[in-house]
Amino acid sequence: MVEQAATGAADTDQADAAARAVDPDQVLAFARALIAAPSENPGGTEHAAAAVASDILSELHAEPRTIRSPDGRPSVVASLGADPRPALAWNGHLDVVPAGDPSTWSHDPWAGDVDGGKLIGRGAADMKGPIAAALAAAAALGRAGLKLSGRLTFHLAADEELAGIHGTKVLWEHGLLDQDACVVGEPSDLSIGLAERGGAWITATARGRAAHGSQPQLGVNAITSMARLLLRLPEVLPDREHPLVGRPTVNAALITGGSAPNVVPDRCQVDIDRRIVPGETDPAEVLAPFDRLGDDIRSEYPEVDLTFQLREWTDAAEAPADSVIADVARAAVTAERATASADVGFTGITDARFYINQAHIPTVILGPGSLSVAHTADEWVEVGDLVAAARIYARMFVTFLGTAPRPNA
Ligand SMILES: [Zn+2]
């Protein structure tokens, strides 16, 4: 696929006009409406949030349709613009992580209260706020009397928080990831995200020998064996660093073991979350240091019996830094912000990987708000950043897709 972008003085004027036409009240109203439609994942569905987004897109004459996963989870797809090319996808996820205990919040997580210039609520930053900004950017184009020449397609997806299997992956399987470029609106503090880490989920199993709890010398304690592993876990990490996403990490996430308080446990399992960086592409290479560490521990403690199994692998992703969409994003951010844009990496996993790794589409991750407040109580985003994001998206849509003369203009 060939990226295209219209350039020139006329388009700069039109990008300015599009940005000026963004209505801050509308950005906020869209965000509050989306937050008020809970879509907790796990525990809920995206139906209410998809309905809110579809209503907004219908008003924009974008003709939304719902693509469902085999178990009925809805993703909303809608397009604006005259010609099929150039084509730009804007992706955001409709689901949010659970709000958790409401008493840990200072505001109702679903009310979308504004306090001290901050919009507070589950999904304010991750990522109903960014979706609202993108929808308000599309609305601004109409208000400015601009009609896109190429095609802008919204992919508002289900199920990003639990790996996107029922959301963006379904859109990919339907052949809908065929654009020339993509913007994923995950909260990046309005920096240009070009890489993200992946993950290897590994189960470690320690086997021992059960015995009466009063005679532990007759058994082999599997929990003790596991403890010897866990304290040395950082040794499995390679000495490598990626310029945007940093170093690989390892985290012992979930542990089970033992059968009763008076029995020497014969089994202990730990789910290990090993995050990989771009360039780490071989699961065997990631798994091998675990086996080596197990052998090393066994050489000191012969009773230790450790095995490791790779349960799931998610590739890391890295998009080209010199793509047209990356340049368009940098120019739009620079036009709206006092400081120049920065290229950054994401420590977490996003749906950008489907566009980058599966569809081979040049992609940037760019959105308002910070990942550090996502998934927390009192999740928030600066209202000013939401509006800035809408203006940045409006500029990008016009610059990348160009504008067509209106029939009646
Ligand atoms: Zn997110």
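**Strand pairing, a zinc site and a helix in a predicted model**

L80 stands opposite L152, a residue of strand β7. This pair belongs to a model that is predicted, and the description below begins with the strands around β7 before turning to the metal site, the backbone and one helix.

Strand β2, which covers residues 74-80, pairs with β7 in the antiparallel sense, and the pairing extends over 5 bridges. Strand β3 also pairs with β7, but here the sense is parallel and the bridges number 7. Within this parallel pairing, the bridge partner of H93 in β7 is A157. Strand β7 itself, made up of residues 151-157, is mostly covered, since 6 of its 7 residues are buried.

H93 leads from the strands to the metal site, where the zinc ion is coordinated by NE2 of H93, by an OD atom of D126 and by two OE atoms of E186, at distances of 1.8 to 2.6 Å. Along the sequence, these donor residues follow the spacing H-x32-D-x59-E. H93 and D126 link distant parts of the chain, for H93 lies in strand β3 (residues 87-93) and D126 in the loop between β5 and α4, 33 residues apart. The arrangement of the 4 donor atoms is irregular because the angles that they subtend around the zinc ion run from 54 to 145 degrees, whereas a tetrahedral set of four donors would require all angles to lie between 85 and 135 degrees. For comparison, the ideal angle for four tetrahedral donors is 109.5 degrees. H93 has a relative accessibility of 1% and therefore counts as buried, and D126, with a relative accessibility of 3%, counts as buried too; the cut-off for this class is under 20% relative accessible area.

The backbone shows several features that can be located in loops. The peptide bond that runs from D126, a zinc donor, to M127 is cis, with omega near -10 degrees, and M127 is placed in the loop between β5 and α4. A cis peptide bond also joins R85 to P86, again with omega near -10 degrees, and P86 is found in the loop between β2 and β3.

Two residues that are not glycines have a positive phi, namely L190, at about 65 degrees, and H360, at about 55 degrees. L190 is found in the loop between β8 (181-184) and β9 (192-196), while H360 is found in the loop between α9 (352-358) and β16 (363-365). Their surroundings can be set side by side: L190 counts as buried because its relative accessibility is 4%, whereas H360 is exposed, with a relative accessible area of 59%.

Helix α2 comprises 12 residues, 24-35, and at 1.5 Å a residue it should span 16 Å; the C-alpha atoms at its ends are 17 Å apart, which agrees with that expectation. At the start of α2, a side-chain oxygen of D23 reaches to within 2.9 Å of the backbone nitrogen of D25. Further along, the buried residues of the helix are Q26, V27, L28, F30, A31, L34 and I35. An α-helix has 3.6 residues a turn, so residues three or four places apart point the same way. The buried residues of α2 pack against three other helices and two strands, namely α3 (47-59), α4 (128-143) and α10 (383-401), together with β4 (113-115) and β5 (118-120).

Key: Residues numbered from 1 in each chain as written. Predicted model: local features only at pLDDT ≥ 70, side-chain atom pairs only at ≥ 80, totals over all residues. Heavy atoms only, no water. Helix = DSSP H or I, 4+ residues; strand = E, 2+ residues; numbered from the N terminus. Expected span 1.5 Å × (residues − 1). Buried < 20%, exposed > 50% of the residue type's maximum accessible area, 1.4 Å probe, protein only. Contact = heavy atoms within 4.5 Å. Polar contact = N/O pair within 3.5 Å; in protein donor to acceptor, adjacent residues only side chain to side chain. Donors = N, O, S within 2.8 Å, 3.2 Å for Na, K, Ca; no water. Tetrahedral: all angles 85-135°; square planar, octahedral: opposite > 155°, others 65-115°. Pairing = 2+ DSSP bridges.
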